[in-house]
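Me: I've got a protein model open and I'd like to go through it bit by bit. Can you take my questions and show me the reasoning?

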Amino acid sequence: MSTAVIRNGVDPSKTMSNNAKRRKMEEKYAISKKPSENGHKTNGEKECVLLRKNQFGDVSDGFMSNGDWKKRWDNKQTKFHKEVYHDILLSYYDAMVNNKTKCRFFVPLCGKSVDMKWLLDKGHSVVGCELVELGVQQFFREQDIEYTVEEIPNITNGKLYKGVKDDICIYTCDFFKINSATTGGKFDCIWDRGSLAAINPSDRNRYHDVILDLLEEDGRYLLDVFEVDHKEFAGPPNNFLKEDIHKLFEEKCNVEDLKRRNAMTKWQKQWNVDYFYECVYMLTFK
Ligand SMILES: C[S@@+](CC[C@H](N)C(=O)[O-])C[C@H]1O[C@@H](n2cnc3c(N)ncnc32)[C@H](O)[C@@H]1O
């Protein structure tokens with residue numbers, strides 16, 4: 001296995017003329033300072049970063065910058081996108097809406113998830129947040145929703161894609177820049193599929209703070225994450241054990257464990273993982 005670190009989709013080892021150069025680079029990255037989570041091992045006083053293959057087939061330390069995500073969309077490496085409505089959303093929909101006929105739904109790191117259209121068709125107000133504009137444009141085009149685009153006050157380069165006739169909008173910006181004031185209020189329901197799972201482990205506390213700021217006092221947060229083997233595989237998705245979810249949220253939230261199922265498909269087998277479980281939680285404020 002090659003051991004070059006991929007940044008922005010570029011494999012520097014491909015441009016190297018000899019092994020010595022490559023070893024130098026491996027050394028440099030192996031001793032970089034990174035939090036010791038998910039495969040980042042300590043080596044004496046220094047932090048050591050494991051280089052493994054990621055879901056895009058590149059060798060990586062697992063860290064995804066905003067530029068890395070943009071590159072994935074540009075290169076059509078969006079296999080995480082599902083063309084069908086997510087069965088977990090469908091299964092726990094009633095529990096989420098809790099007899100309300102019109103809810104405000106929030107979908108963090110939404111990509112072009114078709115679940116947003118399903119929720120819209122159910123009569124809800126839908127708000128997404130996605131970093132990469134290409135994904136947002138594809139969503140509106142593919143779902144045939146007429147839209148306008150405006151700036152988001154106080155978020156540099158942020159754009160708000162808004163349905164003209166439909167009650168849906170997507171904040172096209174970094175998730176960490178929004179809050180309940182930006183989005184014009186809090187949400188009854190949050191549907192999180194592959195979102196907390198996708199962010200860098202060092203951003204988990206910030207993610208928790210934004211999500212809980214967006215959730216109504218009596219709101220319901222449906223969270224879908226993965227237990228994934230990182231021996232040979234660099235995230236995302238990043239591994240979340242039950243205790244990680246409880247530890248992150250239990251101070252402020254009730255955490256209900258709803259489901260844990262084997263979710264290994266041919267695609268995950270290609271990642272060289274020994275196990276891949278999908279775990280579902282419902283969170284409400286205490
Ligand atoms: C694994 S995908 C999941 C997408 C979607 N939830 C779904 O189920 O298809 C993660 C998405 O988060 C977006 N993303 C990553 N970091 C982000 C950030 N800081 N703010 C907003 N979106 C982000 C990526 O561009 C990508 O579309």
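Reply: Sure. One definition before we start: helices are DSSP runs of H or I with at least four residues, strands are runs of E with at least two, and both are numbered from the N terminus. Also keep in mind that this is a predicted model.

Me: Thanks! Which helix does Met96 lie in, to try that out?

Reply: Helix α3 covers residues 87-97. Going by that numbering, Met96 lies in helix α3.

Me: Is Met96 buried or exposed?

Reply: A residue needs 20 or more other C-beta atoms within 10 Å of its own to be called buried. Met96 has 20 other C-beta atoms within 10 Å, so Met96 is buried.

Me: Which residues does Met96 touch, if we don't count those up to four places away in sequence?

Reply: Look at what α3 is lying on: the helix goes across β10 (187-193), β11 (215-228), β12 and β13 (276-285). Ile190 is 94 residues from Met96 in sequence, with 8.6 Å between their C-alpha atoms. As for contacts, with residues up to four places away left out, Met96 touches Cys189, Arg220 and Leu222.

Me: What angle does α3 make with β11?

Reply: Angles here run from 0 to 180 degrees and compare N-to-C directions. For α3 against β11, the angle is about 155°.

Me: What order do the strands of the nine-stranded sheet have?

Reply: The sheet is open and its pairing is mixed. Its edge strands are β7 and β12 (253-262), each of which pairs on one side only. The order is β7-β8-β9-β6-β5-β10-β11-β13-β12.

Me: How many bridges join β7 to β8?

Reply: Strand β7 is residues 147-151 and strand β8 is residues 159-163, and they run antiparallel. Within the pair, Val149 stands opposite Tyr161. The number of bridges joining β7 to β8 is five.

Me: And how many residues sit between β8 and β9 in their hairpin?

Reply: β8 and β9 (residues 168-172) are an antiparallel pair with four bridges. In one of these, Lys159 has Thr172 as its partner. Between the two strands of the hairpin, the residue count is four.

Me: Do β6 and β9 run parallel or antiparallel?

Reply: Strands of a sheet can pair either way, through backbone hydrogen bonds. Here, Cys129 stands opposite Tyr171 in β9. Five bridges join β6 (residues 125-130) to β9, and the direction is parallel.

Me: Which helix packs on the sheet there, touching β6, β7, β8 and β9?

Reply: The helix covers residues 133-142, and its direction makes about 165° with that of β9. Its name is α5.

Me: Which strand gives the largest share of the largest nonpolar core?

Reply: That core has 59 residues, and Phe105, Ile170 and Ile190 touch the most other members. Ile170, for instance, has contacts that include Cys110, Val136, Phe139 and Tyr161. The largest share of the core is seven residues, and they come from β11.

Me: Let's try a loop. Is Asn54 buried or exposed?

Reply: Asn54 is in the loop between β3 (52-53) and β4 (59-60). Leaving aside neighbours within four places in sequence, Asn54 is in contact with Ser60, Gly62 and Ala234. With 21 C-beta neighbours inside 10 Å, it's over the line of 20, so Asn54 counts as buried.

Me: What about Lys76, buried or exposed?

Reply: Lys76 is in the loop between α2 (66-74) and α3. Its phi is near 60°, a positive value in a residue other than glycine. With 8 other C-beta atoms within 10 Å, against a limit of 12 or fewer, Lys76 is exposed.

Me: Where does Asn98 lie?

Reply: Asn98 also has a positive phi, near 55°. With 13 other C-beta atoms within 10 Å, Asn98 is partly exposed. It lies in the loop between α3 and β5 (104-107).

Me: Last one: which residues come nearest to the ligand?

Reply: The shell around the ligand divides into ten nonpolar, six polar and three charged residues. Of these 19 residues, the ones that come nearest are Trp69, Leu109, Gly111, Leu131 and Phe175.

How values were computed
Residues numbered from 1 in each chain as written. Predicted model: local features only at pLDDT ≥ 70, side-chain atom pairs only at ≥ 80, totals over all residues. Near = placed C-beta within 6 Å. Nonpolar A, V, L, I, M, F, W, Y, C, P; charged D, E, K, R; others polar. Pairing = 2+ DSSP bridges. Contact = placed C-beta atoms within 7 Å. Core = buried A, V, L, I, M, F, W, Y, C linked by C-beta atoms within 7 Å.
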